[in-house]
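Please open the structure in your viewer and keep the sequence beside it, ready to select one residue after another.

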Amino acid sequence: MPAVLDMMRELIARPSVSCTDPSFDQSNLAVVYLLADWLDALGFAIDIDPICERKANLIATLGNPACRNGLVLSGHTDTVPYDAGQWTFDPFKLTERDQRLYGLGSADMKSFFALVIEAARHYAARDLQQSLVILATADEESSMSGVKRLLKEGMKLGRYAVIGEPTDLKPIRMHKGVMLEAIRVRGHAGHSSDPALGANAIEGMHAVLTELIAWRAELQAKYRHSAFKVAVPTLNLGSIHGGDNPNRICAECETQIDIRPLPGMDLAELQHSLLQRLLPVLADDPRLSLQVVPLFEGLPAFETPAEAEIVKSCERLTGHAAGAVAFGTEAPFLSRLGLDTIVMGPGSIEQAHQPDEYLALDQIQPTIALLRKLIERYCVEPVPCRQL
Ligand SMILES: [Zn+2]
C-alpha cells in the first residue's frame with residue numbers, strides 16, 4: 001500500500017473530468033480501478049457498479065456485506081474541468097509548496113479517498129461489528145448519474161454517511177436545492193409599424209417576468225430558515241434572449257432562471273406551482289404560447305435533523321455546531337437511501353473549482369484522526385449485526 005501522499009498523487013494523476021459538455025467529459029474508470037485495487041488489498045469486498053461504458057460507481061465493503069448497518073464514507077471520483085492556462089502548476093501533478101498540496105481534485109475531492117484509506121487500513125473485517133462502506137461515485141459535478149443510479153437500485157449501504165466534500169472539517173447538515181428552468185414565450189413576427197401584424201414575445205415575457213418576481217416575493221414571505229446565510233429561497237433571472245431586429249415584432253423570447261429552494265420545499269411541487277403561476281399570464285392573447293423546460297432534473301434540498309445521532313457525534317468530535325452550506329452535494333440522495341448523512345471533509349470550498357486548487361497539509365492528520373473516530377463509533381463499537 002502506498003503512503004497517503006502517494007495515493008493522492010496517483011489519484012490526481014488520473015484525469016476524471018465530468019462535464020455536461022461531452023467534449024470535456026472523461027471516463028472515471030481509471031480512478032475507480034485504482035481505488036478498487038487498494039481497497040481489495042485491504043480486504044474490502046469490491047463491487048464496481050457500471051453506469052455506462054465509461055463510468056462506474058465503486059462500493060467497497062469491509063465487514064459483513066449482508067448487514068450494511070454501519071458507516072458509509074462517500075466521495076465523488078470526478079472533478080470539474082480546468083482552465084489550463086490559468087494554473088501555476090500542472091493540474092494532474094500533485095505539487096507540494098508552502099504547506100499546501102496543489103492539484104485538480106486536491107480539495108474537491110480525490111484527497112479524501114486517500115485519507116479514508118489511510119484511516120481504514122488499521123482495521124480488519126474481524127475488528128468491525130458493523131460494516132464500513134467506502135463509496136466512490138461518478139458524475140457528481142455534472143449529472144449526478146452515479147448517486148442517482150444507487151438510488152434507483154435502492155441499494156442498502158449503511159445507516160450513517162459522511163460525504164467528504166471540503167468543509168474545513170466542519171459538519172454540515174443542510175443545503176439548499178437547485179432548479180434551473182428555461183421559460184419560452186412564442187409569438188408571431190410581423191412588421192414593427194403595425195402591432196396587429198404579430199404577437200410580441202418580448203411583451204409576453206415582460207408579463208412573465210413580473211409574475212416571477214411576484215411569485216418570488218410570496219415564496220420568500222412563506223419560507224425562511226435562519227441557519228442559511230441567505231435565509232430565504234432565491235429565484236435569479238439569469239439570462240434573457242429574444243428577437244433580432246428593431247423593425248420586427250419579436251417572435252420568440254427565452255429566459256433562464258435559477259431557483260434555490262430551502263429544505264422542506266419539494267421540487268416537483270415548485271415546478272407545478274411555477275407552471276400554475278405562469279400559464280394564466282398569457283391567457284388573454286391566444287397568439288402567445290408559453291413553455292417551461294427544466295434544464296436539468298434538479299437537486300433537492302438536504303437537511304438532516306439537528307438532533308440526529310450522526311449530527312450530535314460529529315459536533316462532539318469536531319467542536320463545531322453543524323451548519324449549512326451554499327453548495328449542492330449528493331447528500332439528498334444518500335438521505336433518500338435511508339442514510340443519516342453529514343457533509344464533512346478536509347479543505348475549503350473556496351479552493352474548489354478554480355485554478356491552483358489545493359489542500360492545506362495541516363488538514364491531513366486531523367482528517368485521518370476524525371475518520372478513525374467515526375469508524376470506531378459506527379463500525380467497531382456497535383452491537384454486532386446478528387444481535388440487533
Ligand atoms: Zn465536490
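Begin by selecting Y33, which counts as partly exposed because its relative accessible area is 44%, a value between the limits of 20% and 50%. Keep in mind throughout the tour that you are looking at a predicted model. If you now colour the helices, you will find Y33 in helix α2, which covers residues 29-41. Add I46 and I48 to your selection, and you will have the residues that, together with Y33, make a nonpolar surface patch of about 240 Å².

Next, turn to the cysteines. A disulfide is a covalent bond between the sulfur atoms of two cysteines. How many disulfides does the structure hold? The count is zero, and two selections let you look into this further. Select C52 together with C19, whose sulfur is the closest cysteine sulfur to that of C52; the two atoms are 15 Å apart, and therefore too far from each other for a bond. With a relative accessibility of 41%, C52 is partly exposed.

Then select C253 and C250: the sulfur of C250 is the nearest cysteine sulfur to C253, at 5.5 Å, and C253 is in no disulfide, since a pair would have to lie within 2.5 Å to count. Is C253 buried or exposed? C253 is buried, with a relative accessible area of 4%.

Finally, go to H225, which you will find in the loop that runs between α5 (201-222) and β10 (234-242). H225 counts as buried, at 18% relative accessibility. Once neighbours within four places in sequence are set aside, the residues in contact with H225 are M174, A231, L262, P263 and E303, so show their side chains as your last selection.

Conventions
Residues numbered from 1 in each chain as written. Predicted model: local features only at pLDDT ≥ 70, side-chain atom pairs only at ≥ 80, totals over all residues. Heavy atoms only, no water. Buried < 20%, exposed > 50% of the residue type's maximum accessible area, 1.4 Å probe, protein only. Patch = residues over 30% accessible without salt bridge, like charges linked within 9 Å, V, L, I, M, F, W, Y side chains within 5 Å. Areas by Shrake-Rupley, 256 points an atom, 1.4 Å probe, with all protein chains shown as cover. Salt bridge = Lys/Arg side-chain N within 4 Å of Asp/Glu carboxyl O. Helix = DSSP H or I, 4+ residues; strand = E, 2+ residues; numbered from the N terminus. Contact = heavy atoms within 4.5 Å.
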